[in-house]
Amino acid sequence: MTEQAAPLVPPVPLVQLTGIGKSYGTIRALHGVDLAVNAGEVSCVLGDNGAGKSTLIKIVTGLHRHTEGEFRIDGEPVRPSSPREPLARGIAAVYQDLATVTLMPVWRNFWLGSELTRGRGPFKRLDIDRMKRTADEALRAMGIALDDLSQPVGSLSGGQRQSVAIARAVHFGARVLILDEPTAALGVKQSGVVLKYIAAARERGLGVVFITHNPHHAYMVGDHFTVLRLGTVELSAPRAEVTLEELTLHMAGGAELAALKHELARVTGVDTGQLPEASERSTSTERK
């Protein structure tokens with residue numbers, strides 16, 4: 001008699017949002033948003049300006065409380081009253097401005113607010129050698145090799161500054177890394193550097209939330225894609241169920257244009273031949 005294998009239980013997401021909404025008085029910024037962040041995966045959240053991406057980040061990081069739905073960390077329902085609770089549980093955000101001090105050395109920026117000291121009382125001082133050594137080890141563990149950690153962080157390229165911020169978050173215990181438009185102001189080469197370190201964070205087992213408006217960058221590293229439009233989910237699909245063309249179509253509002261194509265055909269001067277057709281697949285993925 002053979003033993004039956006125990007059924008596989010899916011792992012509990014590090015962060016899970018179910019039906020999340022946020023209202024500011026009579027203004028509804030988010031409504032009915034679902035998002036799951038799993039260890040070792042990159043969840044991409046895409047959307048144009050005003051889609052609700054910033055509000056979503058603020059809810060996950062504890063800056064704002066949600067007014068609808070359920071927010072879980074490690075399967076436990078939470079309502080953070082400040083950013084301290086999510087941060088203490090390993091949720092770290094790297095914002096577009098990076099929160100770095102341009103004229104300070106790289107190693108000082110790495111330890112900013114968490115400096116190591118030695119000695120006691122009036123003899124207490126910064127342990128510079130240990131901070132430099134530890135910062136260098138942490139950066140190299142992420143594949144980042146800088147010749148001089150004493151150079152001002154402002155002298156680094158945009159991609160290098162992003163990578164330092166990512167390595168800093170990982171070193172201080174991040175399990176969920178939220179990246180707010182990390183490639184928005186970067187060129188092609190520097191964007192590639194950042195995408196490389198996003199993939200490195202995933203390989204280290206972190207759950208990554210990649211906020212972007214660039215579907216090409218998202219598709220290079222993403223495992224799951226959520227497209228927001230006017231505070232609601234227009235598309236939610238794993239990589240295997242969506243193509244780059246479909247992702248780009250949803251980001252460009254193509255689903256709406258396809259639905260309106262027959263009406264736009266009546267308008268003089270509109271070339272509807274260049275507009276997309278509403279596909280059965282796009283409609284189904286959009287409503288998941």
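In what order do the 6 strands of the open sheet lie?

## The sheet

In this predicted model, the strands of the open sheet follow the order β6-β9-β10-β3-β11-β12, and their pairing is mixed. The edges are formed by β6, which spans residues 91–94, and by β12, which spans residues 232–238, each of them pairing on one side only. From one strand to the next, the twist averages 15°.

## A parallel pair within the sheet

Strand β3, made of residues 42–46, pairs with strand β11, made of residues 224–229, in the parallel sense, and 4 bridges join the two. Within this pairing, L46 has V227 in β11 as its bridge partner.

## Helices packed on the sheet

Helix α5, covering residues 158–171, packs on the sheet, where it touches β6 and β9 (176–180), and the direction of α5 makes about 170° with that of β6. Helix α6, covering residues 188–203, also packs on the sheet and touches β3, β9 and β10 (207–212), with its direction at about 155° to that of β10.

## Where two helices meet

Helix α4, which runs over residues 128–141, has an axis that comes within 9 Å of the axis of α5, and the two cross at roughly 105°. Because angles of 65 to 115 degrees count as roughly perpendicular, α4 is described as roughly perpendicular to α5.

In this contact, T134, A138 and L139 from α4 meet V164, A167 and H171 from α5. By character, the residues of the contact of α4 with α5 divide into 4 nonpolar and 2 polar, with no charged residue among them.

Technical notes. Residues numbered from 1 in each chain as written. Predicted model: local features only at pLDDT ≥ 70, side-chain atom pairs only at ≥ 80, totals over all residues. Heavy atoms only, no water. Pairing = 2+ DSSP bridges. Axes fitted to C-alpha atoms, helices over the stretch in contact; angles between N-to-C directions. Contact = heavy atoms within 4.5 Å. Parallel < 35°, antiparallel > 145°, perpendicular 65-115°, else oblique. Nonpolar A, V, L, I, M, F, W, Y, C, P; charged D, E, K, R; others polar.
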